[in-house]
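Here is a short, friendly tour of one chain. Take a look at the fold before reading on.

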Amino acid sequence: GELERLTPNTITSPRRLLEELTEVRARQFAVNRGERIPGVCGVAAPVLGSGGVAMAALAVQGPEFRMAEERLDELVHLVVSTAQAIVAVLPSGYQI
């Protein structure tokens with residue numbers, strides 16, 4: 001069956017969602033372009049603990065009109081580097 005469509009941009013195919021999650025894991029960030037809330041875009045990156053398991057996430061979102069592609073690229077860099085900086089200062093084996 002299909003997943004619930006929240007907006008015209010919502011991924012409704014379970015197969016497509018799994019493909020997207022595989023891509024997100026590989027690049028270590030996700031971009032949301034109005035997939036849950038119309039007109040809202042965001043960028044998120046995991047804060048990875050030991051073994052590469054996500055123990056938290058860092059995300060930024062805002063209105064679509066403020067999130068041009070160049071701005072999203074900049075936010076991806078900032079969010080990913082900040083998530084990595086958080087990991088770098090956590091004590092070894094730290095868990096949330």
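## Surface, charge and fold

About 6600 Å² of the chain is exposed, with carbon and sulfur atoms supplying 57% of it; such areas follow the Shrake-Rupley method with a 1.4 Å probe, and for residues only the protein chains shown count as cover. This is a predicted model, in which local features need pLDDT of at least 70 and side-chain atom pairs count only at pLDDT 80 or more, while totals for chains, interfaces and linings use all residues. Residues are numbered from 1 along each chain as its sequence is written, and side-chain values use heavy atoms, leaving out hydrogens and water.

Buried residues (under 20% relative accessible area; exposed is over 50%, partly exposed in between, with a 1.4 Å probe and protein chains only) account for 24% of the 96 residues in the chain. The C-alpha atoms fill a box of roughly 45 × 35 × 20 Å along the principal axes.

The order along the sequence is α-β-β-β-α, with helices (H or I, at least four residues) and strands (E, at least two) taken as DSSP runs numbered from the N terminus. Of the chain's contacts (heavy atoms within 4.5 Å) between residues at least 6 apart in sequence, 41% join residues at least 24 apart.

Two elements flank a loop worth visiting:

| Element | Residues |
|---|---|
| α1 | 14-27 |
| β1 | 30-33 |

Q28 is found in the loop between them. Although not a glycine, Q28 has a positive phi of about 65 degrees. Most residues other than glycine have a negative phi. With 35% relative accessibility, Q28 counts as partly exposed.
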